[in-house]
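This report describes selected features of one protein structure for a reader who is new to the subject. Please examine the sequence and the model before reading on.

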Amino acid sequence: MLDVLIVGGGPIGLATACYAARAGLTVAVAEPRTGPIDKACGEGLMPPAVAALRALGVDPPGRQLRGIRYRDTGHSVDAEFRSGPGRGVRRTTLHEALAKRAESAGVVVLPERVTEFRQSGGCVEASGIAARYLVAADGLHSPVRRACGLDPAPAPARNARYGLRRHFQTAPWTDFVEVYWSDRAAGASGASGATGAAATVASAPSEAYVTPVDDGLVGVAILGPPGASFSDRLAAFPELRERLAGAEAGPVRGAGPLRQAVRRRVAPGGRILLVGDASGYVDALTGEGISVGLAQARVLAACLAAGRPGDYERQWRRVSRRSNVLTAALLAARRNPVLGPRVVPAAGALPAVFGGAVRLITG
């Protein structure tokens, strides 16, 4: 019998496997997809994520990031990282590096899609595999989480946010993660060519994240309400759209709704635990998804190695609290019709405060 069966072989599932194997546990990952898995992702690793990966023995190639730059019409403000550089890394590159590390740690990846499981005595059985613990790392819309009844009642759809990401083959023009902000007025102006529903969505508050990921490649992730194409969303950022004009564009990847409230991270019985996006998500606004997911994976493995799975809920809250609180606060300000358009101007007027906020978010 295995110690841990992890459902989901994305970056956080593989990182959890690496942490668990390093703690002396026997681990397998159930993942039906082969090869590096691509999905919508900002692809900017914050300094804590770079440090955590390095400590785990993972050092994926990418573009060094010096800090974060906020931009809107008429304003631009920079905040440099103080705890070391970040890194822009293709998600597929990160996945491949973690898969190699897991393999070297003795982790077995099984081509299984886990849809059913049952707890029996001191183990969990899924797809004919018995393990002391089952860890769900199966994403925002985790089937395991849903099967355990850990999803609360659906949230109102009016504030739902989604993310779309596309790569553009062009030389990076900056070593910052650039965050372009569009309020309603700027979005409506930038989307003057759109009509009907597309124009309405394109003019809603949204943000575009530009991350250099290779010498000739940048990733652009746009966050906002559902219902419009990537091109319509990009129209809300005329300066960025002009800069990308003529660049060959890759396929569009999407994810959402981003907010996922979860009742708790340990299912009744203490044998099924949630990690990463499956364990709950606020928004991608601060770009901390991988950093927080790695911290959750580390404490989860420690709790299982100590035979104290019940401690994971408290540890999860400890390592996730700062990011969740800051993200929720920034998102609330973003949605406020008075505060939202003033976020970037305020950051420019108070650069020390902005720099402090970035350092608080990025470690």
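Strand S1 pairs with strand S11 (residues 129-136) in the parallel sense, over 5 bridges. Two strands are said to pair if DSSP finds at least two bridges between them. The elements themselves are DSSP runs numbered from the N terminus: helices are runs of H or I with at least four residues, and strands are runs of E with at least two. The model is a predicted one, in which local features need pLDDT of at least 70 and side-chain atom pairs count only at pLDDT 80 or more, while totals for chains, interfaces and linings use all residues. Residues are numbered from 1 along each chain as its sequence is written, and side-chain values use heavy atoms, with hydrogens and water left out.

**Strand S1 and its neighbours**

Within the pairing of S1 and S11, Val4 has Tyr133 of S11 as its bridge partner. S1 is also joined to strand S2 (residues 27-30) by 4 bridges, and these two strands run parallel. Here Ile6 stands opposite Val29 of S2. Together with helix H1 (residues 11-22), S1 and S2 make a right-handed β-α-β unit. A crossover is called right-handed if, with the strands pointing away from the viewer, the path from the first strand over the helix to the second runs clockwise.

Is strand S1 largely enclosed or largely open? Of its 6 residues (residues 2-7), 5 are buried, so S1 is largely enclosed by the rest of the structure. Buried means under 20% relative accessible area, exposed means over 50%, and partly exposed lies in between (1.4 Å probe, protein chains only).

**A sheet of three strands and helix H2**

An open sheet of 3 strands has the order S3-S7-S4, and its pairing is antiparallel. Strand S3 (44-45) and strand S4 (63-65) are the edge strands, each pairing on one side only. S3 pairs with strand S7 (residues 86-88) over 2 bridges in the antiparallel sense, and Leu45 has Arg87 of S7 as its bridge partner.

Which residues of helix H2 (residues 47-55) are buried? They are Pro47, Ala49, Val50 and Leu53. These residues cover an arc of only 165° around the axis, which puts them on the same side of H2. The arc is that of the directions from the helix axis to the C-beta atoms. The buried residues of H2 pack against S3, S7, helix H3 (91-104), helix H9 (289-305) and helix H12 (351-362), where contact means heavy atoms within 4.5 Å. Just after H2, Gly57 takes a positive phi of about 90°.

**The pairings of strand S12**

Strand S12 (residues 162-169) takes part in the pairings set out below.

| Partner of S12 | Bridges and sense | Residue pair |
|---|---|---|
| S15 (residues 217-224) | 7 bridges, antiparallel | Arg166 and Val220 |
| S17 | 3 bridges, antiparallel | Gly163 and Ala255 |
| S16 (residues 248-249) | 2 bridges, antiparallel | Gln169 and Glu248 |

**Backbone features in loops**

The peptide bond from Gly256 to Pro257 is cis, with omega near -5°. Pro257 lies in the loop between strand S17 (253-255) and strand S18 (272-274).

Glu43 has a positive phi of about 65°, although it is not a glycine. This residue is found in the loop between S2 and S3, and Glu43 is buried, with a relative accessible area of 3%. Ser127, likewise not a glycine, has a positive phi of about 50°. Ser127 is found in the loop between strand S10 (123-126) and S11. With 34% relative accessibility, Ser127 counts as partly exposed.

**Cysteines**

How many disulfides does the structure hold? The structure holds 0 disulfides, a disulfide being a pair of cysteine sulfur atoms within 2.5 Å. Cys41 is in no disulfide, and the nearest cysteine sulfur, that of Cys18, is 18 Å away. Cys41 is buried, at a relative accessible area of 18%. For Cys123, the closest cysteine sulfur belongs to Cys148 and is 15 Å away, too far for a bond. Cys123 counts as buried as well, with 11% relative accessibility.
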